[in-house]
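Here is a short tour of one protein chain, meant to be read with the structure open beside you. We will go from charged pairs to cores, loops and surface.

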Amino acid sequence: NAPNPAPDPGVLNGPDEVCPGDTTQFQSTEPNGTWSVSNTNIATINNNGLLTTFDTGSVQITYTVGTVCSASVSKTIQVNPLPQPNLVDSYLCIDNKTGEPISTTELNSGLSQASYSFRWFRNEVLLPQTTSSIAVNEVGDYSVEATNITTGCSAIATATVGTSSIALASAEVTNGFSNNQTIVVTVYGGS
């Protein structure tokens with residue numbers, strides 16, 4: 001007996017673009033096929049069509065149906081890069097008498113406001129600011145979630161804002177009440 005002709009592999013359903021670290025479900029309109037991926041350094045796909053991405057680049061997923069005579073349908077998926085926000089730990093100056101902060105410090109994501117959207121958090125609580133940088137006047141653990149407006153890929157950066165230590169000073173006067181007085185002021189502490 002001649003083998004059955006190759007069945008129709010159907011149509012693949014799923015996005016054309018994803019981000020590294022995503023897990024995305026792909027489906028075919030025809031059941032009982034097998035899934036494969038062209039580059040396992042970029043992504044893998046399981047028997048149920050669940051694609052897991054690891055790196056950026058293009059990867060082709062293929063769905064094959066049939067046994068002796070088979071047919072395949074493929075789709076190229078672009079794995080877009082993640083944003084790379086960068087925050088640096090910072091300090092607030094404090095008043096020596098009250099111990100309260102007397103300055104602000106800027107946290108800057110290093111990314112363009114035109115290309116990314118931003119969500120800022122202090123101690124895991126959402127802040128109202130949505131700009132690429134913010135001025136802060138409270139200590140805490142800050143984070144920014146930057147999302148590429150075009151691709152939807154997002155990444156998080158964190159920084160800690162602390163207080164400077166209080167600066168202390170001492171003064172020593174030598175040769176007091178003479179024509180050649182010396183006053184030595186020593187400041188220690190502070191950052």
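## Salt bridges

A salt bridge here is a side-chain nitrogen of Lys or Arg within 4 Å of a carboxyl oxygen of Asp or Glu. Keep in mind that this is a predicted model. How many salt bridges does the structure hold? There are 2. As general background, side chains of opposite charge can pair when their charged atoms come close.

One pair is D16 with K75, where the closest N and O atoms are 3.3 Å apart. D16 sits in the loop between β1 (12–13) and β2 (17–18), while K75 belongs to strand β9, so this pair ties together parts that are 59 residues apart in sequence. The other pair joins the side chains of E145 and R119, at 2.8 Å from N to O. Because E145 lies in strand β15 (residues 140–148) and R119 in strand β12 (residues 116–122), the bridge ties together parts that are 26 residues apart in sequence. R119 is partly exposed, with a relative accessible area of 40%.

## A closer look at K75

Are the two partners in the D16–K75 bridge buried or exposed? D16 has a relative accessible area of 49%, so it counts as partly exposed. K75 has a value of 14%, and because buried means under 20% relative accessible area, K75 counts as buried.

What surrounds this lysine? Leaving out residues up to four places away in sequence, K75 touches L12, G14, P15, D16, F26, V59, Q60 and I61. G14 adds a polar partner: its backbone oxygen lies 2.4 Å from a polar atom of the K75 side chain.

## Two nonpolar cores

In soluble globular proteins, nonpolar side chains tend to be buried together. In this model, the largest nonpolar core has 16 residues, and those with the most contacts inside it are W35, V37, L51, V59, I61 and I77. The elements giving two or more residues to this core are β5 (34–37), β6 (43–45), β8 (57–65) and β9 (71–79). Which of them gives the largest share? That is β8, with 4 residues.

I77 is a good residue to click on. Not counting residues up to four places away in sequence, its contacts are P15, D16, V18, F26, L51, G57, S58, V59 and I61. There is also a second, separate core of 15 residues, and L92, L111, I134 and V144 are among them.

## Loops worth a visit

Start with the loop between β4 and β5, where T29 is found. T29 is partly exposed, with a relative accessible area of 45%. Its side chain reaches the backbone nitrogen of V11 at 2.9 Å. Apart from neighbours within four places in sequence, T29 is in contact with G10, V11 and N13. The C-alpha atoms of T29 and N13 are separated by 7.8 Å, with their positions 16 residues apart along the chain.

E100 is placed in the loop between β10 (90–92) and β11 (105–108). Beyond its neighbours within four places in sequence, E100 is in contact with C93, I94 and D95. E100 and T163 are 63 residues apart along the chain, and their C-alpha atoms are separated by 9.0 Å.

## Two asparagines with positive phi

Most residues other than glycine have a negative phi. N32 has a positive phi, near 65°. N32 lies in the loop between β4 (27–28) and β5, and is exposed, with a relative accessible area of 74%.

N123 also has a positive phi, of about 50°, although it is not a glycine. Its place is the loop between β12 and β13 (125–126). With a relative accessibility of 39%, N123 counts as partly exposed.

## A nonpolar patch on the surface

Which residues make the nonpolar surface patch? V173, I183, V185 and V187 do, over about 390 Å². Strand β18 (residues 182–189) gives the most to the patch, with 3 residues.

V173 lies in strand β17 (residues 167–174). Its relative accessibility is 51%, and because exposed means over 50% relative accessible area, V173 counts as exposed.

Key:
Residues are numbered from 1 along each chain as its sequence is written. This is a predicted model: local features need pLDDT of at least 70, side-chain atom pairs count only at pLDDT 80 or more; totals for chains, interfaces and linings use all residues. Side-chain values use heavy atoms; hydrogens and water are left out. Patches are made of residues with over 30% relative accessible area and no salt bridge: like charges are joined within 9 Å, nonpolar side chains (Val, Leu, Ile, Met, Phe, Trp, Tyr) within 5 Å. Accessible areas come from the Shrake-Rupley method with a 1.4 Å probe; for residues, only the protein chains shown count as cover. Buried means under 20% relative accessible area, exposed over 50%, partly exposed in between (1.4 Å probe, protein chains only). A nonpolar core is a set of buried Ala, Val, Leu, Ile, Met, Phe, Trp, Tyr and Cys residues joined through side-chain atoms within 4.5 Å. Contact means heavy atoms within 4.5 Å. A polar contact is a pair of N or O atoms within 3.5 Å; within protein, one must be able to donate a hydrogen and the other to accept it, and residues adjacent in sequence count only if both atoms are side-chain atoms.
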